[in-house]
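Biologist: I should like to go through this model with you, beginning with its charged side chains. Please give the reasoning behind each reply.

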Amino acid sequence: MASARFPRRPAPDPAQSSGSPFSGPISFATLCPPPPLRTQPALLGSREGRGPDESRRKASAKADDGGPGIGEQIVSLAVPALAGLAIDPLMTLADTAFVGRTASGATALAGIGSSAAILTFSFYIFNFLCTATTPLIASRRAAGEEADALAVGGQSLSLSLALGSTVSVGLILLSQPLLSVMGTGQTGPEANAYATSFLVLRALAAPAVLASSASTGILRGYLDTKTPLYILAGANLVNFGLDVILIAGADMGPTGAAIATTTAEWLAALAFLGVLGGRLPSADGELGSNQEKSMVSGGGERRGAMTVVPTLSVPPWEDVKPLVVASSSVFLRTVVLQIALSGAAAMAARNTGVEASASVAAHQIALQLWLLCSFVCDALAAASQALVADALGRENAEDAREISSTIFVFSLGLGGVLSGALALGLATGFLLDFFTTDEATKTALRELLGIIIFAQPLNSFVFAADGVLQGASEFTYQAKSMAVSVFVAISSFAGLEYLAHCSEIDGQLSDTLVHVWEALIVLQFMRALTSLVKLVQPEGPIDLLGKRTL
């Protein structure tokens with residue numbers, strides 16, 4: 001595919017926005033030392049290697065020789081990413097199933113539930129370690145700036161281990177106050193004991209979890225989604241085996257579940273670091289002991305594996321600025337979204353249309369279904385992140401536009417499939433009967449499922465647009481647009497509640513639960529609208545409609 005002829009420009013800087021109204025060390029080398037042949041220090045000090053012109057020639061030659069088309073590339077990245085995204089939640093699901101089937105009462109599961117909510121929030125808000133790292137590395141790698149790409153990877157790993165250690169200490173020291181907020185005082189001392197044990201043991205894995213997230217982002221930046229899939233699948237098998245031994249065999253309950261998951265997560269992190277450090281082979285991409293490349297070292301050329309390891313030194317601000325700015329923007333965006341979802345759960349408990357317990361139960365079931373569909377859609381985001389950043393790094397605007405267009409076609413099709421599957425589950429009663437036997441909960445859930453079914457194409461588009469804009473390093477724009485979207489959603493909820501209050505005066509009950517979900521759909525609509533504004537801007541990084549003038 002021919003490259004669009006645009007003036008040469010640097011790879012996208014996450015600190016920059018394109019004229020939008022919204023614009024504005026810890027070392028792990030002792031655990032995973034690089035082998036003697038590795039030439040990372042010389043490579044980091046050299047700008048030699050593959051240049052952007054050579055990258056474009058290779059990309060064009062690959063297409064001309066009958067290489068994979070854009071659709072095939074998207075699928076080859078998205079399918080392993082989807083499997084990898086689904087594997088991690090299976091660990092918690094396996095723990096829950098084993099504990100639920102072996103425990104004599106509800107207190108064990110109640111303990112896991114309280115602590116798991118804290119852990120999920122504590123780990124998820126640092127997802128920028130993957131989200132921000134992928135496009136920063138992909139754009140630099142595609143532009144032939146291998147040294148910069150490897151440096152960003154090392155910075156991301158260092159940041160992940162530092163943050164993970166801090167989170168681990170914080171969760172352990174604040175375990176009781178946090179569990180009190182989650183209501184363990186109402187579930188009883190036995191449930192609180194289970195929750196404390198589970199939380200403290202799982203907190204020990206925080207550095208491993210965040211390091212795995214950063215490693216996944218690095219590998220995706222090298223267009224490798226297969227290696228994370230294999231590593232996480234292996235970790236899941238370890239977790240399952242330890243669950244059998246510790247929970248079913250030794251009857252250790254939540255404590256055994258926490259030991260199993262923490263062990264599996266540390267093994268996964270060490271495997272990731274082994275691949276990035278050139279000690280273990282990868283399944284794809286350019287990293288790993290089995291992926292050799294010519295590099296300049298001491299005035300001569302040598303072949304060896306490229307390595308990415310954490311660094312003890314503090315790099316200059318200019319070197320880490322792109323990662324810090326991108327990470328801060330994604331962090332802010334994630335926190336705002338999590339606050340919106342947490343607020344939705346709080347409002348559901350105040351529903352006057354049905355009893356509070358049924359309202360909260362229906363909301364939790366609906367939210368889990370929505371999150372499950374979001375995981376599926378997020379696979380497209382992972383593929384678009386890497387491919388768009390790769391195209392922009394090669395300065396190929398035409399490729400970036402075509403990749404984006406194809407991603408959006410895929411997303412709308414995926415949204416339609418998800419809507420159809422949910423509609424079938426609702427029509428047959430499967431989704432209602434599978435999750436609950438309570439009639440009040442079923443009644444509330446039935447109304448919510450109609451909203452979720454309607455919103456799936458929109459939801460799928462939003463995730464695809466997120467991936468494209470992240471690939472273009474538009475992190476600051478996304479953070480600001482998320483803040484605007486949440487403000488509009490909250491305002492719409494307040495308006496719906498006010499109108500309902502006026503109706504109550506006339507004798508009609510307000511259905512706060514439905515208003516919560518209608519506001520969530522408004523949130524998604526605003527995210528889609530603000531993303532579309534940036535995507536179609538002629539001066540923007542994508543120029544989806546191709547209106548840019550030379």
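Biologist: Which residues are linked with Arg141 in a network of salt bridges?

Modeller: This is a predicted model, so side-chain atom pairs count only at pLDDT 80 or more. Side chains of opposite charge can pair when their charged atoms come close. In the network of salt bridges, the residues linked with Arg141 are Asp390, Arg394 and Asp399.

Biologist: How many residues of helix H6 are buried?

Modeller: Helix H6 covers residues 133–142, and Arg141 is among its buried residues. Others on that list include Thr133, Pro135, Ile137 and Arg140. After the helix comes Gly144, with a positive phi near 85°. H6 is mostly covered, the buried count being 10 of its 10 residues.

Biologist: How many salt bridges does a search of the whole structure find?

Modeller: One salt bridge is formed by Arg401 and Asp543, with the closest N and O atoms 3.8 Å apart. Another is formed by Lys442 and Glu439. A search of the whole structure gives a total of 9.

Biologist: How many residues apart are Arg401 and Asp543, and are they buried or exposed?

Modeller: Arg401 and Asp543 form a salt bridge with a closest N to O distance of 3.8 Å. Arg401 belongs to helix H16 (residues 397–428), whereas Asp543 is in the segment after helix H20 (512–536). The pair thus links distant parts of the chain, 142 residues apart, and both residues are buried.

Biologist: Which residue of the pair Lys442 and Glu439 is exposed?

Modeller: The closest N and O atoms of this salt bridge are 3.8 Å apart. Because the two residues are 3 apart in helix H18 (residues 439–471), about one helical turn separates them. Lys442 has a relative accessible area of 11%, under the 20% limit, and is therefore buried. At 52%, over the 50% limit, the exposed residue is Glu439.

Biologist: Which helices are linked by the salt bridge of Asp466 and Arg527?

Modeller: The side chains of Asp466 and Arg527 meet at 2.6 Å, N to O. The two residues are 61 residues apart, and the pair links distant parts of the chain. Both are buried. Asp466 is in helix H18 and Arg527 in helix H20, so the helices linked are H18 and H20.

Biologist: Why is H20 described as largely enclosed by the rest of the structure?

Modeller: The 25 residues of H20 should span 36 Å at 1.5 Å a residue, and the end C-alpha atoms are indeed 36 Å apart. The helix is largely enclosed because of the number of its residues that are buried: 18 of the 25.

Biologist: How many nonpolar residues does the contact of H11 with H13 have?

Modeller: Helix H11 (residues 206–221) and helix H13 (residues 253–276) pack at about 35°, their axes being 8 Å apart. The crossing of H11 and H13 is left-handed. Among the residues in contact are Val209, Ile218 and Leu219 of H11, and Trp266, Phe272 and Val275 of H13. By class, the contact has 1 charged residue, 3 polar and, as the number requested, 11 nonpolar.

Biologist: Which residues is Thr262 in contact with, leaving aside its neighbours within four places in sequence?

Modeller: Thr262 lies in helix H13. Its relative accessible area is 10%, below the 20% limit, so Thr262 is buried. With neighbours within four places in sequence left aside, the contacts of Thr262 are Leu201, Arg202, Leu204 and Ala205.

Key
Residues are numbered from 1 along each chain as its sequence is written. This is a predicted model: local features need pLDDT of at least 70, side-chain atom pairs count only at pLDDT 80 or more; totals for chains, interfaces and linings use all residues. Side-chain values use heavy atoms; hydrogens and water are left out. A salt bridge is a side-chain nitrogen of Lys or Arg within 4 Å of a carboxyl oxygen of Asp or Glu. Helices (H or I, at least four residues) and strands (E, at least two) are DSSP runs, numbered from the N terminus. Buried means under 20% relative accessible area, exposed over 50%, partly exposed in between (1.4 Å probe, protein chains only). The expected span of a helix is 1.5 Å times one less than its number of residues. Axes are lines fitted to C-alpha atoms, for helices over the stretch in contact, and angles run from 0 to 180 degrees between N-to-C directions. A crossing is left-handed if the near helix is turned anticlockwise from the far one by less than a right angle, and right-handed if clockwise. Contact means heavy atoms within 4.5 Å. Ala, Val, Leu, Ile, Met, Phe, Trp, Tyr, Cys and Pro count as nonpolar, Asp, Glu, Lys and Arg as charged, and the others, Gly among them, as polar.
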